[in-house]
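Trainee: I should like a close look at one part of this model, the open sheet and its surroundings. Please treat it as one connected account, with the cut-offs stated.

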Amino acid sequence: MIPQKHRHWMLLAGLFLILVVVVTYQVRSLAPTTSPPPPSNSVAAGRVAQRVDNTDVPVTGLKLESLQAARENLPPAQRNPFRFREQPPPPPKVTAPPPPSAPPPPAGPPPPPPIPLRFIGVMEGSPRVAVLSDGRGDVFWGKDGDIIDGRYRILRVGPDSADLSYPDGQGRQTLRLSGQ
């Protein structure tokens with residue numbers, strides 16, 4: 001066991017050693033460097049070298065007489081950046097009245113309603129026969145030119161579609177085999 005007296009001196013020596021290390025670190029970090037830092041790239045190094053080399057080069061090609069020529073054709077100064085003045089209001093915008101709109105075309109009779117039948121199949125034969133359903137359980141069939149349910153005319157039956165219209169020829173619609 002270390003006596004109490006020696007333990008106290010060992011603790012003080014350790015604290016003194018830590019204090020010396022911290023002070024040394026602080027002094028070294030605050031000390032200025034003796035040489036300037038190197039340039040970060042070669043362009044900066046070239047600029048430094050250029051400044052040093054061009055100190056004795058005479059400047060030629062200057063037209064000093066043009067700096068002393070009279071400038072009589074300049075307009076008088078109108079702007080004073082040291083004095084506050086409100087800007088004049090902008091000129092009012094002139095907007096032309098909108099052109100008169102053309103009257104809407106006369107509304108004709110409404111188009112006929114869509115044909116509420118579904119094309120559900122084809123019976124192959126010398127004339128193709130379309131099989132149609134009205135969605136209420138009634139099934140109709142017919143070939144090109146036939147009138148179905150007294151309200152619709154079959155214009156053409158294809159392998160995957162049927163063209164129908166109203167008997168007067170209006171409202172032509174193509175029904176696909178998918179039922180739409």
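**The open sheet and the core**

Mentor: In this predicted model, three strands make up an open sheet in the order β1-β2-β3, with antiparallel pairing. The edge strands, each paired on one side only, are β1 (118-123) and β3 (139-142). From one strand to the next the twist averages 25°; the axes behind such angles are lines fitted to C-alpha atoms, and the angles run from 0 to 180 degrees between N-to-C directions. Strands here are DSSP runs of E with at least two residues, helices are runs of H or I with at least four, and both are numbered from the N terminus. Two strands pair if DSSP finds at least two bridges between them.

As for the conventions, residues are numbered from 1 along each chain as its sequence is written, and side-chain values use heavy atoms, with hydrogens and water left out. Because the model is predicted, local features need pLDDT of at least 70 and side-chain atom pairs count only at pLDDT 80 or more, while totals for chains, interfaces and linings use all residues.

β1 and β2 pair in the antiparallel sense over five bridges, and a hairpin of five residues joins β1 to β2. Within this pairing, Met 123 has Val 129 of β2 as its bridge partner. On the other side, β2 and β3 are antiparallel over four bridges, and Leu 132 has Phe 140 of β3 as its bridge partner.

Leu 132 also leads into the largest nonpolar core. Of the 14 residues in that core, Leu 117, Leu 132, Ile 154 and Leu 164 touch the most other members. β2 (129-133), β5 (152-157) and β6 (161-165) are the elements that give two or more residues to this core, and β5 gives the most, with three residues. A nonpolar core is a set of buried Ala, Val, Leu, Ile, Met, Phe, Trp, Tyr and Cys residues joined through side-chain atoms within 4.5 Å; buried means under 20% relative accessible area, with a 1.4 Å probe and protein chains only. Not counting residues up to four places away in sequence, Leu 132 touches, among others, Leu 117, Phe 119, Val 139, Phe 140, Ile 154, Leu 164 and Leu 175, where contact means heavy atoms within 4.5 Å.

For the wider setting, the chain has two helices and seven strands, in the pattern α-α-β-β-β-β-β-β-β along the sequence. Of its 180 residues, 14% count as buried. Helix α1 lies largely in the open, because the number buried among its 27 residues is zero.

Terms used:
Buried < 20%, exposed > 50% of the residue type's maximum accessible area, 1.4 Å probe, protein only.
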